[in-house]
Each structure stands twice: as C-alpha cells, then as structure tokens.
Amino acid sequence: MNHTDLNQKRLDTEAMLAEADLLFDQATCQTALETMAAAITAELGGSYPLLLPVMGGAVVFTGKLLPLLRFPLDFDYVHVSRYGDKLEGGNFHWSRAPQSSVEGRDVLILDDILDEGHTMAAIKQHVLDLGAKSCHTAVFANKLINKPKPLVADFVGLDVPNRYVFGYGMDAAGAWRNLDAIYALAGH
Ligand SMILES: O=P(O)(O)OC[C@H]1O[C@H](OP(=O)(O)OP(=O)(O)O)[C@H](O)[C@@H]1O
Ligand SMILES: Nc1nc2[nH]cnc2c(=O)[nH]1
C-alpha cells in the first residue's frame with residue numbers, strides 16, 4: 001500500500017472509532033476481567049491446566065488475564081479464523097493447531113468473543129478429540145444473539161448486544177484490536 005493509501009486508511013480508521021458507540025469502558029472491562037480471573041482460579045487453580053488462547057482475537061484478553069492467574073499452568077495457543085476482516089463468519093481456517101500435548105490435560109480455551117459459537121465449538125471438539133481430560137471455555141465477550149448457540153461458555157466477562165463490536169482484541173475491518181474498551185460499529 002502506498003503512502004497516500006495508507007494515510008487515507010488511517011483517517012478512515014480514526015473516523016470509524018469517532019463514529020462508534022462506546023459500550024464498555026476501560027474500568028468496566030477491568031472489573032469484569034478480575035471477576036473472571038477469580039472464577040477461573042476457583043475452578044481450575046488446582047489442576048495445572050493447559051491454556052489455549054485463540055489467536056489473534058484473544059491476544060488482549062489473554063495478555064491481561066494471565067498475570068491475574070497466580071497458579072501453575074501451561075500455555076500454548078491455536079490460530080483459527082472464520083471472519084478474517086469481514087463482518088460475517090465463513091469457513092474455518094486453522095493456521096495453528098496446539099503444539100503441546102493435550103492428552104490427559106484440563107484445557108481452558110480463551111477467546112475474545114462468542115458470537116454464533118461455531119469457532120469455540122469446533123476448537124473444543126478438536127481438543128476433546130485429542131484426548132483432553134476436560135475442556136473449559138472462557139470468552140471475554142458473549143454476544144446476545146437471537147439464535148441458540150452450540151455451546152455456552154463456562155466463563156464470560158461481559159454480555160454484549162447483537163452488534164458488531166470491536167476493541168479489547170476484537171477487530172474492526174482489521175484495525176482497533178489495541179483498544180482497552182469495547183465499542184460497537186456505527187450502523188451495525
Ligand atoms: O462465535 P463465532 O461466530 O464463531 O465467532 C467468534 C470468533 O470470531 C472471531 O475470530 P475471527 O474469525 O474474526 O478471527 P480473528 O481472531 O483473527 O479476529 C473471534 O476472535 C472468535 O474466534
Ligand atoms: N471484531 C469482531 N469479531 C467478531 N467475530 C464474531 N463476532 C464478532 C464481532 O462482533 N466483532
């Protein structure tokens with residue numbers, strides 16, 4: 001992309017944030033994160049779990065959560081995507097499967113958002129197929145959609161409305177994963 005195009009993209013991306021609705025500010029996200037950390041510690045703190053965040057969306061949630069978990073754990077990650085930078089989900093693209101052994105482990109999958117739930121359901125099935133002893137799921141945002149989901153997450157930070165949300169690891173047209181709060185895209 002040349003300099004002019006990149007500059008236009010920067011301006012468009014800034015405009016997208018300026019027009020967006022702030023749903024959950026930084027302090028609200030932090031409180032939700034701390035509540036989740038306590039619940040995860042109570043449930044899994046004694047089982048030496050293997051944590052498997054789903055890249056790239058889980059990067060902020062995971063990076064903030066990990067230092068709040070003061071118990072022994074192993075860390076690996078998977079990379080699965082079905083939205084790319086689109087607003088509608090499509091086919092799964094697995095870029096990275098777990099590299100460490102999942103067999104016999106208590107696994108905790110971490111993701112930024114549970115929307116239709118297909119991504120988390122597929123990863124959980126894969127983890128169980130690999131012989132995990134148990135598989136819990138944690139999502140920072142659970143979208144309140146008007147359809148049944150294949151799975152209910154064991155740990156949820158915040159329920160978000162049925163709109164396209166971004167920030168806290170979630171992208172808006174590929175951008176704004178770096179925001180420390182959750183926004184909804186104008187008109188979506
Ligand atoms: O519940 P679902 O409807 O399946 O959607 C949730 C998934 O969508 C997003 O990933 P995306 O495919 O956009 O990839 P990304 O993590 O690289 O943004 C998000 O990070 C979840 O993994
Ligand atoms: N950024 C983002 N990614 C998603 N993946 C599934 N739903 C969403 C959403 O609302 N926002």
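This is a short tour of two ligands and one helix, with a selection to make at each stop.

The structure is a predicted model, in which local features need pLDDT of at least 70 and side-chain atom pairs count only at pLDDT 80 or more, while totals for chains, interfaces and linings use all residues. Residues are numbered from 1 along each chain as its sequence is written, and chains are lettered from A and ligands numbered from 1 in the order in which they are written.

Begin by selecting ligand 1, which has 18 residues around it, the closest being Gly 57, Tyr 83, Asp 115, Glu 116 and Thr 119; a residue is near a molecule if its C-beta atom, placed from the backbone, lies within 6 Å of it. Strand S6 (106–114) and helix H4 (118–129) each give two or more residues to this shell, and S6 provides the largest share, four residues. Helices (H or I, at least four residues) and strands (E, at least two) are DSSP runs, numbered from the N terminus.

Next, select ligand 2, and look around it for Tyr 83, Ile 113, Asp 115, Tyr 164, Val 165, Phe 166, Met 170 and Asp 171.

Finally, select helix H2 (residues 26–44), whose 19 residues reach 26 Å from the first C-alpha to the last. Within H2, colour Cys 29, Met 36, Ala 37, Ile 40 and Leu 44, which are buried (20 or more other C-beta atoms within 10 Å of a residue's own, against 12 or fewer for exposed, with C-beta atoms placed from the backbone). Seen down the axis of H2, these buried residues fall within an arc of 110°, so they line one face of the helix, the arc being that of the directions from the helix axis to the C-beta atoms. Turn to the face of H2 away from its buried side, and you will find the exposed residues Ala 27 and Ala 42.

Definitions and conventions:
The expected span of a helix is 1.5 Å times one less than its number of residues.
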